Amino acid sequence: MSAVNFNAWMHPSFTRSRSPTFLFHGLTNSPIPSFIVTKRQRDKLYSSSPFTLSALLTKEETVETEEKPAFNFKSYMLQKANAVNQALDDAVPLREPLRIHEAMRYSLLAGGKRVRPVLCVAACELVGGAAATAMPAACAVEMIHTMSLIHDDLPCMDNDDLRRGKPTNHKVFGEDVAVLAGDALLAFAFEHIAGATVGASPPRIVRALGELARAIGAEGLVAGQVVDIKSEGLDDVGLERLEFIHLHKTAALLEGAVVLGAILGGGTDEEIEKLRKFARYIGLLFQVVDDILDVTKSSQELGKTAGKDLAADKVTYPKLLGIEKSKEFAAKLNKDARDQLSGFDPVKAAPLVALANYIAYRQN
């Protein structure tokens, strides 16, 4: 198959009448497909030297400095992440009841790459909106992401003791408070968008709220989580089922972040759908890379427990495809994602191009 077919996934809702197109048909039982990058490209993309925030752009992208200044991704991420962190700190202050707000802030302000909120802001700015307009939605997406991590780490779920280099929420506050902290973050995310968004019309705010609800509900993030849980230990989990899990469990919220930014920034329906496709590619890319890192990095390097998917007998891309083909598929997804940005202003699209590369080349 020469390209990933997302035609069945273009409706704004995650409600689908049929299964998504199988992305990997023929990949495991045939020679490497024609879409795989060449050896020269692969050597360039997967060199042995580590990637850093300041070295994410490919050689072809940085040689354009003769005509225009190179995009400084490290500076951009630091600026945007600092703005997001400040906005999160302001949005969830320490107040009564102290215990629940301490638990909420413990995980919400524990660091992290802030990829989702930065994607939201970048998409808003790409279609002509202001960063301030997207910031409440960006914070809401991070609140929901944090909720999913708190709940995912619980003993009844993945039973993890380490997150972002720190003890998980339930290890510090207890399982009861951890559950409630996640619940509170989820509820407040919607309140924050509804009450704090400025610079967008009420219809666009309502549309954004609906988009976010679909992305995380029983036909979005929750659907992926349920199928993931019920797939543990099964012998017949194939690539199509794995794709469903991660298009919902991981890609849905990344897609929501980008689409919310585009909606609130005033994007046209055509622009929103192009960015939806971009986000879906990088959402799946994020999980492919996550699966690779889980078996190639240590817990210290990751800031979370390494090898837990293997220990839980979960199906992953490396388990089904092998490490090298997983890397090759990641390279394909990265290219397809960046192709969706053609037609946009290259200067305004530079942050999203760099973010796609960052997701592809991250080391934790």
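Visitor: Which ring does Lys166 lie over?
Guide: Lys166 sits over the face of Tyr106, 4.2 Å from the ring centre. Keep in mind that this is a predicted model.

Visitor: And Arg116, which ring face is that one over?
Guide: That would be Phe286, with Arg116 at 5.1 Å from the ring centre.

Visitor: Switching to ring-ring contacts. How many aromatic pairs are there?
Guide: The count is four aromatic pairs. One of them joins Phe71 and Phe73, with 6.4 Å from centre to centre and 40 degrees between the planes, a tilted arrangement.

Visitor: Is Phe73 buried or exposed?
Guide: Phe73 is buried, because its relative accessible area is 3% and the cut-off for buried is under 20%. Phe71 has 25% relative accessibility, so Phe71 counts as partly exposed.

Visitor: What about Phe71 and Tyr76, how are those rings set?
Guide: Their centres are 5.3 Å apart and the planes meet at 55 degrees. Why is that tilted? Planes have to be over 60 degrees apart to count as edge-to-face and under 30 to count as stacked, so 55 degrees falls in the tilted class.

Visitor: Is Tyr76 buried or exposed?
Guide: Tyr76 is buried, at a relative accessible area of 9%.

Visitor: Which residues do the ring pairs link into a cluster?
Guide: The cluster is made up of Phe71, Phe73, Tyr76 and Tyr358.

Visitor: New topic, empty space inside. How many cavities of 30 Å³ or more turn up?
Guide: Three, from a search of the whole structure. The largest cavity has a volume of about 100 Å³.

Visitor: Which residues are closest to the centre of that largest one?
Guide: Ser107, Ala110, Asp153, Arg163 and Asn169 are the closest, out of 13 residues in the lining.

Visitor: Which elements supply at least two residues of that lining?
Guide: Helix 4 (98–108), helix 6 (131–152) and strand 2 (166–167) each do. Helix 6 gives the most, with three residues.

Visitor: What classes of residue make up the lining of the largest cavity?
Guide: A mixture: five nonpolar, four polar and four charged residues.

Technical notes
Residues numbered from 1 in each chain as written. Predicted model: local features only at pLDDT ≥ 70, side-chain atom pairs only at ≥ 80, totals over all residues. Heavy atoms only, no water. 1 Å grid on protein atoms, 1.4 Å probe; cavity = no way out; pocket = protein on both sides within 12 Å on 5 of 7 lines; lining within 4 Å. Points joined across faces, edges and corners; volume = space filled by probe spheres on them. Helix = DSSP H or I, 4+ residues; strand = E, 2+ residues; numbered from the N terminus. Nonpolar A, V, L, I, M, F, W, Y, C, P; charged D, E, K, R; others polar. Phe/Tyr/Trp six-rings, centres within 6.5 Å; stacked < 30°, edge-to-face > 60°. Buried < 20%, exposed > 50% of the residue type's maximum accessible area, 1.4 Å probe, protein only. Lys NZ or Arg CZ within 6 Å of the ring centre and 35° of its normal.
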